[in-house]
Structures are given as C-alpha cells and as structure tokens.
Amino acid sequence: MVSFHGHYIMVGMRDEVFMREAIARARLGQGYVEPNPMVGAVIVRDGQVLAGGHHARFGGLHAEADALRDCLEKRIDPAGSTIYVTLEPCSHFGKQPPCAQAVIDAGIERVVIGIPDPFEPVAGQGIPMLQEAGIEVVVGVCREEAEQLAEPYLKRGHAGLPWVIVKWAQTLDGRTATHTGDSKWISNELSRQRVHEVRARVDAVLIGVGTARADNPTLTARDVEIKRRARRVVIDPTLSLPNRCNLLDTLDEAPLTIAVDQRLFDESPERLKPFAELGVELLGLPILDDDAGNQLDLRPLLEHLSKTHNAMNILTEGGAHLSGQLIKQGLADQILAFVAPILSGDPTALGAAVGLSHDTIAQADQLKLISTEQLGEDVLLDYRVKSRSD
C-alpha cells in the first residue's frame, strides 16, 4: 500500500489514481491551450507525488516540461521516478522542444501514458523513443477518461472538424419554448452562468437566424473569466438578419460570420455588400443534395472555421431546427441539456431538436450519458452523440 494525499490505496490501483491526478491538472488548461490538446502530468516516486504540471497556454511549456520545471523549483531530482502523462510525449520540435527527450534527460525510469498522440509529427514516435532509451512505458491507463479529455483535439486531427457542442434548456417534458415562442427563462441563473462559462472558452458560438431575430442576442460571455473571444456565427440562408441588431452593433467586441445560401453571391451580390463593408465575414454554403427542404450543408462551414479560424470547439445555442440539422448531418458531438423543473404540457410547444424523423425508436439517434450535475433545481445532462455507424 502507498500513501496518496493522506489516504491509503492498493498498489494495483495507483496508476489509475495518479493518472486521474494528471487528468485533473490537464483541465486547468481548458480554454487557454486550444488548438493544442489539454495535457497534464505528475511525477511520482515511492507512491508520493513529487511534482506536477499542465499545458497552461498555447505555445507555452508542455505538461511534462512544466512538471520537470516544478521539480527544479522544488529542488527535487526526478531521476528514478515515474511520470504520468495524459497524452503521449511529443518527439518533435514545435513551439517547444521534444518532451520525450526531456523525460529521457531527466533520468525518469517509467512513463505511464493515457493515450497515444495521433498528431502526425508524434503518431507513436514518442513511445519507441522512450523505450529505446531503456524507459519502461505503459499505455492505456484511464484510456476512456484521457480520450474524453482530448476529444476536440482527436476529432480535429482525424476529421479536420471542430468539436460541436449543442446546448439547449428544456422543461422536464422536453420543450424549449411555449407555443408562442417564449423561452425566458426556462433555466435558472446558475445554468445561465454555466453557459457563459462555456462561451468564454470556445472558439465560436453558432445560432440560426430565427434565434437571432427572436432574441437579438450578442452571444458574448459576461460576468465570467474570458479565456477566448468566440466568433459569432449565424446560419442565415436568405440573409434576413436585420441591419440593426446587437450582433452587428458589437463587432468591436467579437467577429461575426454569416453563412448564406451560396447562390446569393451570384443572384443578389448587392445584398451582401452592406454586411461586408461592416467587416462581417460572409460564407456561401451549398444546399444538401438530398434535402427537399433546401437545408444548407453545414459541414463546409465547420471545415472553414477549423481551417481559416483555427477553431477547435464550437457551441451551438439554437434553435431547435439548427440543433436538429447538426445531429441529422452527423456533425454534433456533445449535447448539454439543461433540464428545468417545469412542465409545459403543451404538445404544440417547440421541442429541443426538430427534423429528426424516425419510424421506430430503434432508428432514433443514440446518446451516451457522460455526467449529470445539479445546478440549483436544474439538472445539467452531458451527452455524447453516438455515430450512426456505432
């Protein structure tokens, strides 16, 4: 048995315990390190944490280097210790020197890794580099938790698309507004604060023009620590956004992209000019080939946000039609459902996601519950959207 923060644990459990410590440290970088992944590390000897670190800012020290710096500041020699790191140490020169070499030079004897890094300059090269130096390497400890930590990074690396978070507030019976369209406020103040916290760490906030016209939002984060300045994005096929609205009046606070039917560029270029002169980015999207409802194909928008604006996390805040389209087009990754202790009881009231028509329950889109959290009398449900190929 070994001592850990005043508690005793079985030796067989210690790798998981120390890896979870590294995962907790990694989360401290959320909102600061993107488009790099969140990574944490702890250095352990004889069952005791000697030092720890995390990737704190984009371009800054990587987690392993930060943990070794912590050792240096504490005047602790890490030689002969074990380092727990959530993601495979890099083996290439980027904005920082290779972490695998730093680990080798420090005389560390054992490296425990959550998941391999699929990023091409690393892609499994860090592990053999460590092994060739005579270091014991263990891979896959707390794999599922480490993968959840790196979800946006992994998706962008594999698909070239940002991680898409679909958020809504609903009554207990699944309604997001009354039949008149009233939705203020379904969720409580704690839930609304949590939404602002998410806005403050993502790269873009996405809504449909119906929500923009009905609510006249600014979509900026307020009364929370601002970690990133999110681009506002409006899906507006016919360019019906009013020329005086909060989104246009706050362009000095955050940039704005409007996605329109690409045919407008040829058929009505004069309508685009006033928005372009204000500094609005206008992006033309194609119509889905198989959609009789003339829905825009949203994949090129996400590809554009990733490639042009380096976006890794996107928050979608409505409305129900846009949420439905993102799910239907296989682009939604995460759902944050804020459930309030309210009953609508109105079958004509708006649901959370519109346009997902299924003949049977077996055909319906499947979700995986990751966590629940009580916020006052509201409950936050955090789901992952399962791939239709799963």
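This tour moves from the whole chain to one sheet, the nonpolar cores and a largely enclosed helix.

**The whole protein.** Begin with all residues displayed, bearing in mind that the model is predicted. The secondary structure comprises 13 helices and 18 strands. Along the principal axes, the C-alpha atoms occupy a box of roughly 65 × 45 × 40 Å. The radius of gyration is 23 Å, which agrees with the value near 21 Å for a compact globule of 390 residues. Of these 390 residues, 50% are buried. Among contacts with a separation of 6 or more, 72% join residues 24 or more positions apart.

**The nine-stranded sheet.** Next, select the strands of the open sheet in the order β13-β12-β11-β10-β14-β8-β15-β18-β17; their pairing is mixed. At the edges are β13 (281-285) and β17 (367-375); each has a single partner strand, so one side of each lacks a neighbour in the sheet. On average, neighbouring strands are turned by 20° against each other, direction ignored.

Now narrow the selection to β15 (334-340) and β18 (378-385), which pair in the antiparallel sense over six bridges. Label Q334 and its bridge partner in β18, R384. Then add helix α6 (151-159), which packs on the sheet and touches β8 (163-171), β14 (313-316) and β18. The direction of α6 makes about 130° with that of β8.

**The nonpolar cores.** Show the side chains of L239, L241, L247, I258 and F275; these have the most contacts inside the largest nonpolar core, a set of 33 residues. Elements giving two or more residues to this core include β8, β10 (204-208), β12 (256-261) and β15 from the strands, and α7 (189-199), α8 (209-215) and α11 (269-277) from the helices. Centre the view on L247: leaving aside neighbours within four places in sequence, its contacts include I207, A212, P217, L219, V234 and L256, together with T218 and R232. Another core, of 30 residues, lies apart from the largest one; select W168, I235, L298 and A311 as some of its members.

**Helix α13.** Finally, select residues 320-328. Which residues of α13 are buried? They are A320, L322, S323, G324, Q325, L326 and I327. With seven of its nine residues buried, the helix is largely enclosed by the rest of the structure. To see what covers these buried residues, display β8, β10, β11 (231-235), β14, β15 and β16 (350-351), which are among the covering elements. The tour ends at G330, which follows α13 and has a positive phi, near 70°.

Definitions and conventions:
Residues numbered from 1 in each chain as written. Predicted model: local features only at pLDDT ≥ 70, side-chain atom pairs only at ≥ 80, totals over all residues. Heavy atoms only, no water. Pairing = 2+ DSSP bridges. Helix = DSSP H or I, 4+ residues; strand = E, 2+ residues; numbered from the N terminus. Axes fitted to C-alpha atoms, helices over the stretch in contact; angles between N-to-C directions. Contact = heavy atoms within 4.5 Å. Core = buried A, V, L, I, M, F, W, Y, C linked by side-chain atoms within 4.5 Å. Buried < 20%, exposed > 50% of the residue type's maximum accessible area, 1.4 Å probe, protein only. Rg over C-alpha atoms; globule rule 2.2 N^0.38 Å.
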